[in-house]
Amino acid sequence: MESISSYVATATKVPHPFYPLEAEIVGYLANEQSVPVLLGLFFLGCLGLFGVTQGLVRRYNPGLSGWERAAICWFILSGSIHLFFEGYFSLNHTRMAGMTDFFGQLWKEYAFSDSRYLTSDPFVLCMETVTAALWGPLSFIVAVMILGNHPLRHPLQALVSTGQIYGDILYYATSMFDLYYKGTIYCRPEPYYFWCYYFFMNFIWIVIPGVLLYNSIDASAKAFKAVNTMSHTLKANGHTKKSN
């Protein structure tokens with residue numbers, strides 16, 4: 001019985017191009033589309049999303065500044081990637097290696113920089129699930145709040161941005177820990193995969209949320225300063241009237 005199980009396990013292991021090469025990636029199927037086609041369609045979709053978002057913003061609140069319009073576009077893009085793309089991973093992580101639809105092939109292309117996405121790594125799965133379930137819907141909510149100048153915009157913007165930064169830092173830290181303390185390498189040796197996919201594509205979710213977090217902190221500080229100034233003014237006026 002043990003030999004049969006061993007044979008089945010061996011039979012399901014297919015050679016794959018991911019690192020570490022000894023990683024067990026069951027049911028792997030190579031991508032059918034080329035890298036330029038996959039990335040081209042992805043960026044084309046992002047541009048289309050920006051165009052639709054800008055059209056809706058101009059229709060419902062044409063007076064918004066360029067900064068606010070850019071922030072809305074960012075949160076719509078983030079929400080779409082978190083909820084749909086990362087949510088797709090959370091739902092299909094056990095069979096990701098054999099997926100041949102568009103999102104599946106995109107994930108396998110990205111996995112050249114981090115093979116944990118093809119092995120149901122516990123941290124990656126939990127991090128992506130939380131991101132999809134929380135930061136995805138909240139990103140859309142923040143975008144709507146910016147459009148309507150809602151008073152809760154900055155608290156939620158700060159919350160989502162902090163969550164994105166925190167998740168990215170942990171993502172970098174866990175893979176670096178495995179590299180330097182366990183000697184486990186998840187990225188292929190070609191520099192392109194490390195610097196373009198692993199580093200740059202994730203670093204975006206530190207830089208832009210960092211700017212937005214600063215924006216919310218600054219806006220909150222100014223709001224509290226204005227409230228405190230008004231409160232002192234009212235108290236001073238009240239004291240003057242009593243004296244008269």
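Helix α7 gives the most to the lining of the largest pocket, contributing nine residues, in what is a predicted model. That pocket has a volume of about 800 Å³, and of the 36 residues that line it, those closest to its centre are Phe42, Ile81, Met201, Asn202 and Trp205. The elements that give two or more residues to this lining are α2 (35–60), α3 (66–92), α4 (102–110), α5 (122–148), α6 (153–182) and α7 (191–243). By class, the lining of the largest pocket comprises 26 nonpolar, six polar and four charged residues.

In helix α2, the buried residues are Leu38, Phe42, Cys46, Thr53, Gln54 and Val57, and the buried residues of this helix pack against α3, α4 and α5. With 26 residues at 1.5 Å a residue, α2 should span 38 Å, which agrees with the 38 Å that separates its end C-alpha atoms.

Across the whole structure, a search finds five salt bridges, among them the following.

| Acidic residue | Basic residue | N to O distance |
|---|---|---|
| Glutamate 68 | Arginine 153 | 3.0 Å |
| Aspartate 114 | Arginine 116 | 2.9 Å |
| Glutamate 190 | Arginine 188 | 2.9 Å |

Because glutamate 68 lies in helix α3 and arginine 153 in helix α6, their salt bridge ties together parts that are 85 residues apart in sequence. Glutamate 68 is buried, with a relative accessible area of 18%, and arginine 153 is also buried, with a relative accessible area of 6%. Aspartate 114 and arginine 116 are likewise buried, whereas glutamate 190 is partly exposed, its relative accessible area being 30%.

Technical notes. Residues are numbered from 1 along each chain as its sequence is written. This is a predicted model: local features need pLDDT of at least 70, side-chain atom pairs count only at pLDDT 80 or more; totals for chains, interfaces and linings use all residues. Side-chain values use heavy atoms; hydrogens and water are left out. On a 1 Å grid over the protein atoms alone, a cavity is a set of points where a 1.4 Å probe fits but cannot get out, and a pocket is an open set with protein on both sides within 12 Å along at least five of seven lines; lining residues have an atom within 4 Å of a point. Grid points are joined across faces, edges and corners, and a volume is the space filled by probe spheres set on the points. Helices (H or I, at least four residues) and strands (E, at least two) are DSSP runs, numbered from the N terminus. Ala, Val, Leu, Ile, Met, Phe, Trp, Tyr, Cys and Pro count as nonpolar, Asp, Glu, Lys and Arg as charged, and the others, Gly among them, as polar. The expected span of a helix is 1.5 Å times one less than its number of residues. Buried means under 20% relative accessible area, exposed over 50%, partly exposed in between (1.4 Å probe, protein chains only). Contact means heavy atoms within 4.5 Å. A salt bridge is a side-chain nitrogen of Lys or Arg within 4 Å of a carboxyl oxygen of Asp or Glu.
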